[in-house]
Amino acid sequence: MAFDMKKFSLEGKTALVTGGSYGIGFAIAQGFAAAGATVVFNDINQELVDKGLKNYEEHGIKAHGYVCNVTDEDAVQKMIAQIERDIAPIDILVNNAGIIRRIPMTEMAASEFRLVVDVDLIAPFIMAKAVIPSMIERGHGKIINICSMMSELGRETVSAYAAAKGGLKMLTRNICSEYGAYNIQCNGLGPGYIETPQTAPLRQIQPDGSRHPFDQFIRAKTPAERWGTPEDLMGPALFLASEASDFVNGQILYVDGGILAYIGKQP
Ligand code: NAP
Ligand code: GCO
């Protein structure tokens, strides 16, 4: 049977990308728009939503922006209902919103640890819980959780983030297990080290003009010998959002330039 390339189309689909004003979420939403989806995004305040709307407009995309803190379950339930009234039910959810706090574990307040887990793990639970009932009613749905290298590996100062992203990998597998029978596919996308504001501190040029030691470290750990860009995630995200991946469920697709496969370049 010939493959129908229309399986990669998102025509007629409504996609919600959390924290999609810029960075990885914005790039993923751009790819969805190119495939025909109606793009909806939220961010934590009106200023960021306005910044996002301007960003989308500058890229020729008519997006819809909502102010919502994804850790607030009532606000999320209200936002999803508002989106359904304003636009349509959500066919594709990308749990992209995330934060990181780089603090040595023994110096980290439990409140900081909780905040990271709140945004990076509990919010994806809240968001998925809000969209799944309507996906069940309509007989299909796609949920993409933005995981991380830290879903598989640890490193100094990111204990809360790694715990959250490791948990997000298992939440992904559990949503697959619990709702796969309703034709809902829940997969993770695991970016490697990507050039966004979140990693800017790790790429800062040193006073002597040299690359940040962490920048040098990551280039030695990556077969592609470069950082990823948000655009590197567009194709893999589109695959997971489209009918082309209807029999892919509970998987984490790593988009890391080969980091997880590689012991690293000899210094
Ligand atoms: P980013 O530049 O920090 O953008 C994250 C977005 O999420 C921002 O718009 C942020 O808004 C928003 N956000 C944060 N907390 C929120 C909340 N409570 N409610 C609603 N929106 C919220 O991050 P990024 O680098 O694009 O990363 C996006 C996702 O990819 C995150 O889940 C991150 O963990 C993951 N990731 C990143 C990398 C990387 O190397 N960059 C690699 C692997 C995975 P504010 O600006 O107000 O915080
Ligand atoms: C860090 C980085 C990473 C990236 C990403 C890697 O401090 O190690 O921020 O955590 O954000 O998650 O996949």
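Modeller: Before we count anything, Ala, Val, Leu, Ile, Met, Phe, Trp, Tyr, Cys and Pro go down as nonpolar, Asp, Glu, Lys and Arg as charged, and the others, Gly among them, as polar. This is a predicted model, where local features need pLDDT of at least 70, side-chain atom pairs count only at pLDDT 80 or more, and totals for chains, interfaces and linings use all residues. Residues are numbered from 1 along each chain as its sequence is written, chains are lettered from A and ligands numbered from 1 in the order in which they are written, and side-chain values use heavy atoms, with hydrogens and water left out.

Colleague: How many charged residues does the shell around ligand 1 have?

Modeller: A residue is in that shell if one of its heavy atoms lies within 4 Å of the ligand. There are 28 of them, with Y22, D43, N96, Y161 and T196 coming nearest. By class, 16 are nonpolar and 10 polar, and the charged ones number two.

Colleague: How much of the accessible area of ligand 1 does the protein cover?

Modeller: Look at the polar contacts (N or O atoms within 3.5 Å) to its oxygen atoms. A polar side-chain atom of D43 is 2.8 Å from one, and backbone N or O atoms lie at 2.9 Å for I194 and 3.0 Å for I24. Of the 880 Å² that ligand 1 has on its own (Shrake-Rupley method, 1.4 Å probe), the protein covers 91%.

Colleague: Which pocket does ligand 2 sit in?

Modeller: On a 1 Å grid over the protein atoms alone, a pocket is an open set of points with protein on both sides within 12 Å along at least five of seven lines. To sit there, a molecule needs more than half of its atoms within 2 Å of the grid points. For ligand 2, that place is the largest pocket.

Colleague: And what share of ligand 2 is covered by the protein?

Modeller: Its oxygen atoms have side-chain partners in R102, at 2.6 Å, and Y161, at 2.7 Å. A backbone N or O atom of G192 is 3.1 Å from an oxygen atom as well. Of the 330 Å² of accessible area that ligand 2 has on its own, the protein covers 97%.

Colleague: Which helix holds E112, the salt-bridge partner of R101?

Modeller: In a salt bridge, a side-chain nitrogen of Lys or Arg lies within 4 Å of a carboxyl oxygen of Asp or Glu. The closest N and O atoms of R101 and E112 are 3.4 Å apart. R101 is in the loop between β4 (92-95) and α4 (110-138), so the pair ties together parts 11 residues apart in sequence, with E112 in helix α4.

Key
Polar contact = N/O pair within 3.5 Å; in protein donor to acceptor, adjacent residues only side chain to side chain. Helix = DSSP H or I, 4+ residues; strand = E, 2+ residues; numbered from the N terminus. 1 Å grid on protein atoms, 1.4 Å probe; cavity = no way out; pocket = protein on both sides within 12 Å on 5 of 7 lines; lining within 4 Å.
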